[in-house]
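Trainee: I am new to this structure. Please take one part and go through it closely, then show me how the rest fits around that part.

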Amino acid sequence: MAELGKAGNPPDPAAVLREPARLAAVDAVRAVDELTADTFARSVDLAVRLLDTRMALISLAGADQQYIRGGNGRTVPRHGQQERVDWCFCSEVVVSRRPLVIDDVRGDFAHRADRAVATTGMRAYLGVPLLLEELPIGALYVIDTRPRLWDAGQQRALEQLGASVMSEVRLRLDAAEHSRLYARAAAAAVVEHRRSQQLQDLARASLRINAAPSLEFALQTVTEEARGLVGTHQSVTSMTSNLRWAQAINAVSLSDKYGEYRFFDEPPAGDGIYVLVCKENRPMRMTQGELEAHPAWRGFGSFARVHPPMRGWLAVPLIATDGRNLGLIQLSDKMDGGEFTADDEAVLVQLAQLASASIEKAAALENQYEIARTLQRSLLPQQLPEHSAVTVASRYLPAAPRAGVGGDWFDVIGLSGARVALVVGDVVGHGIHAAAAMGRLRTAVRTLADVDPTPEELLTRLDDLVSRQSAESGADDGADPEHGGAADVGTTCLYAVYDPVTGRCAMACAGHPAPIVVAPDGSADFLDLSTGPPLGVGGVPFETVEAQMPEGSLLAFYTDGLVETRQRDLETGLEELRQALTEPCDSLEALCDHVVKTLLPDPPSDDAALLLVRPHSLDEARVATWDIAAEPAEVARIRARTARLLAAWGLEEIGFVTELVVSELVTNAIRYGQAPIQLRLIYDRVIICEVSDASSTAPHLHQARIFDEGGRGLMLVAQLTQRWGTRHARDGKTIWCELALPVEGVPVKGLSLEALGALEGLEDLSMEGLLPPDSEQ
């Protein structure tokens, strides 16, 4: 063979390719083609499956031609064809006797012009030499039509596959050349066939591990596959839990022989022989005698009576991509009664290499999932507030860790006038960014709801907000929501406002599924709702739709994760939800459980939210609405009527404060507003006072100067009430405030000295607002 010179010069390619001993070895393999065809075909098929590529080839390199002895792929030559020796990179692998790794041929000036690149559409190449008695006779290589980064594990897997191929070739040559050794060769072929089967099993195991929905499932799959591949009665997979090498038994697989020990779950103490495997990241294989004689062997200590007995030991480390130890796989007690062999170790090492990447990825995903889930839990309502207007029940089911946390949310927001806002939404994407987007939008909805817009106005403002954030985050330039782009774009949202005084519910929709209304008679149907575009899309206005909610009816809000799954389309899921809501249940909580159990018997692949709302109408006797003439004399009459109403409600204790608040609001409406003017008093969990007029000008709270004759009215209202505000309508505004009900044993909130002093500055208040309640002026 041509070797490197003393000066380190590379070998002459022509000399290597034409060396007689090497060509003789190539001819010998070609001569037994009928014996090796199946081996080559099976090996390229396995290479494609094992490395997930588009094409694979085995070529034998002659002096001027290369002979195709196995091909998998539509654009590669078939078995038996010949090509020029420089058609692909086989000759380069043969001459160098080393693997050739090309991640992207377009960036490789030395190879991108080769004819095979144009013929096969090649972008990535990984090839290893095939050695027969140390003579390089050809190459096993895989080709992909997309760029990819080949890692060391993939290269080792291909090298091991190539070694297995040549092992079978050697057997075929020996069988052909030495017929008298046929029986021995046949036995060796059985062993090699088992190795080939193990490689196929490795490929299958890799697919199962990669498809595991969680870290726990991945570890259990690794444990079961390890026991099956090597054939043992015991298999344990442990993960390193801290820097002292303490571990937890994450997964155990035992045959029926050890059935009585299946509930053993005591973790290792952090010392002993297994620590050597983790510290040094190297396999260890011992007979039972060698194990017990090893100076690091600690036995089972106080757990000896309950620990499964061992018979021989094979352990290999699980190693992260950065070289960190993740844990180890341990096997004991071979089913055939023999000792662990080098082949057993090699198979387990290959499984550990394949499993380590999947376990590391699953652990990272699970960690990211927990972070996103924690963020999501902190942003969702921890407990829905109680309202007189509605009774609510909800369920939130997060997706499985592999799917990632979604951005579904719901909310119940108290508004002025005893009304309640009901919100449900669904953010595009999964993960931390989706959870953060959900929190951002939920906060925006609560902020916008505080100024009390109509449902269509709220969605319009929310749509503008999402559009601006989309432009700022670069979503229009192709930003990926999963990696920090504008995850809000495409979000769906439904916003509804229920008024218990009128019994009507006004709602608007941005691309969200319509709610279901269950009538008092138990029939259920979808609300006829005008569905606008999702948030951030724009172009179509939103529309508010109102519906009367009879006493005893039920509203169901939900996200698509509840009704649409991989096994069920959206239409079917919607119908199943409608049917489930008609089931008689003792409570809304029980109905929530029934719906979830019916529609999602398994963990969902997407987040799912359900909000059930039973609206209640306020007793007419607890609502008083009076029209007010735009005359100052009306103030005293309204105070008198307010006093009589509070007496009828049994609330004389807060009469003076309420009359004063009513006086201030009515006086302001008469002086600064426009007719028609209306006062509404509502007896709910608080006393709600609302004064409406046709003017759109909103009052502002400010500090009056010492010589000002006015400007103190709203300051008094703010001091005497729990909260106050303004909401606008198409034809005017409403000033509202809420006064606390009297509590037994607790003094009613009165005027401070400063507030009493401010009364002196109220213009004409003594005449218009503070006349005795029974005065009819």
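Trainee: At the start of helix 15, which side-chain oxygen reaches to within 3.3 Å of the backbone nitrogen of E571?

Mentor: That oxygen belongs to D569. Keep in mind that this is a predicted model.

Now take helix 15 itself. The helix runs over residues 570–581. Check its length first. The helix has 12 residues, and at 1.5 Å a residue they should span 16 Å. The end C-alpha atoms are 17 Å apart, which agrees.

Next, ask which residues of helix 15 are hidden. The buried ones are G573, L574, L577, R578, A580 and L581. Look down the helix axis. These buried residues fall within an arc of 165 degrees, so they line one face of helix 15.

What do the buried residues pack against? Their partners include three strands listed before the helix in the chain numbering: strand 17 (516–518), strand 18 (524–526) and strand 21 (554–558). Helix 14 (560–563) and helix 16 (588–599) are partners too. So is strand 22 (608–615).

Follow strand 22 for a moment. A608 is found there. A608 is buried, with a relative accessible area of 0%. Sequence neighbours within four places aside, A608 is in contact with R395, Y396, L397, D408, T559, G561, L562 and L600. G561 and L562 fall in the range of helix 14, 560–563. V596 is 12 residues from A608 in sequence. In space, their C-alpha atoms are 9.2 Å apart. V596 falls in the range of helix 16, 588–599.

Now step back to the whole chain. The chain has 21 helices and 27 strands. Of its 777 residues, 50% count as buried. Take the contacts between residues at least 6 apart in sequence. Of these, 66% join residues at least 24 apart.

Helix 2 makes a good comparison case. Its 12 residues should span 16 Å at 1.5 Å a residue. Its end C-alpha atoms are 16 Å apart, which agrees. R22, A25, V26 and V29 are the buried residues to look for in helix 2. Seen down the axis, they fall within an arc of 100 degrees, so they line one face of helix 2. The face turned away from that buried side carries the exposed residues P20 and A31.

Helix 2 (residues 20–31) also meets helix 3 (residues 33–51). Their axes come within 6 Å and cross at roughly 85 degrees. That makes helix 2 roughly perpendicular to helix 3. On the helix 2 side, the meeting residues are V29, R30 and A31. On the helix 3 side, they are D33, E34, T36 and F40.

V16 lies in helix 1 (residues 13–17). V16 counts as buried, at 1% relative accessibility. A63 is 47 residues away from V16 along the chain, yet their C-alpha atoms are separated by 8.8 Å.

Two strand residues deserve a look for their polar contacts. S235 sits in strand 7 (residues 232–240). At 0% relative accessibility, S235 counts as buried. A polar atom of its side chain lies 2.9 Å from the backbone oxygen of T223. Beyond its neighbours within four places in sequence, S235 is in contact with residues including A226, A251, Q330 and L331.

T734 sits in strand 27 (residues 732–740). T734 counts as buried, at 10% relative accessibility. Its side chain makes a polar contact with the side chain of S692, at 2.7 Å. Neighbours within four places in sequence aside, T734 is also in contact with residues such as E690, V691 and G725.

Finish with some backbone details. Most residues other than glycine have a negative phi, and most peptide bonds are trans. E133 has a positive phi, near 50 degrees. E133 is in the loop between strand 5 (124–132) and strand 6 (135–144). E133 is exposed, with a relative accessible area of 59%. D452 has a positive phi as well, near 60 degrees. Its loop runs between helix 12 (432–449) and helix 13 (455–473). D452 is buried, with a relative accessible area of 9%. Last, a cis peptide bond joins A675 and P676, with omega about 0 degrees. P676 lies in the loop between helix 18 (655–672) and strand 24 (677–683).

Key: Residues are numbered from 1 along each chain as its sequence is written. This is a predicted model: local features need pLDDT of at least 70, side-chain atom pairs count only at pLDDT 80 or more; totals for chains, interfaces and linings use all residues. Side-chain values use heavy atoms; hydrogens and water are left out. Helices (H or I, at least four residues) and strands (E, at least two) are DSSP runs, numbered from the N terminus. The expected span of a helix is 1.5 Å times one less than its number of residues. Buried means under 20% relative accessible area, exposed over 50%, partly exposed in between (1.4 Å probe, protein chains only). The arc is that of the directions from the helix axis to the C-beta atoms. Contact means heavy atoms within 4.5 Å. A polar contact is a pair of N or O atoms within 3.5 Å; within protein, one must be able to donate a hydrogen and the other to accept it, and residues adjacent in sequence count only if both atoms are side-chain atoms. Axes are lines fitted to C-alpha atoms, for helices over the stretch in contact, and angles run from 0 to 180 degrees between N-to-C directions. Angles under 35 degrees count as roughly parallel, over 145 as roughly antiparallel, 65 to 115 as roughly perpendicular and the rest as oblique.
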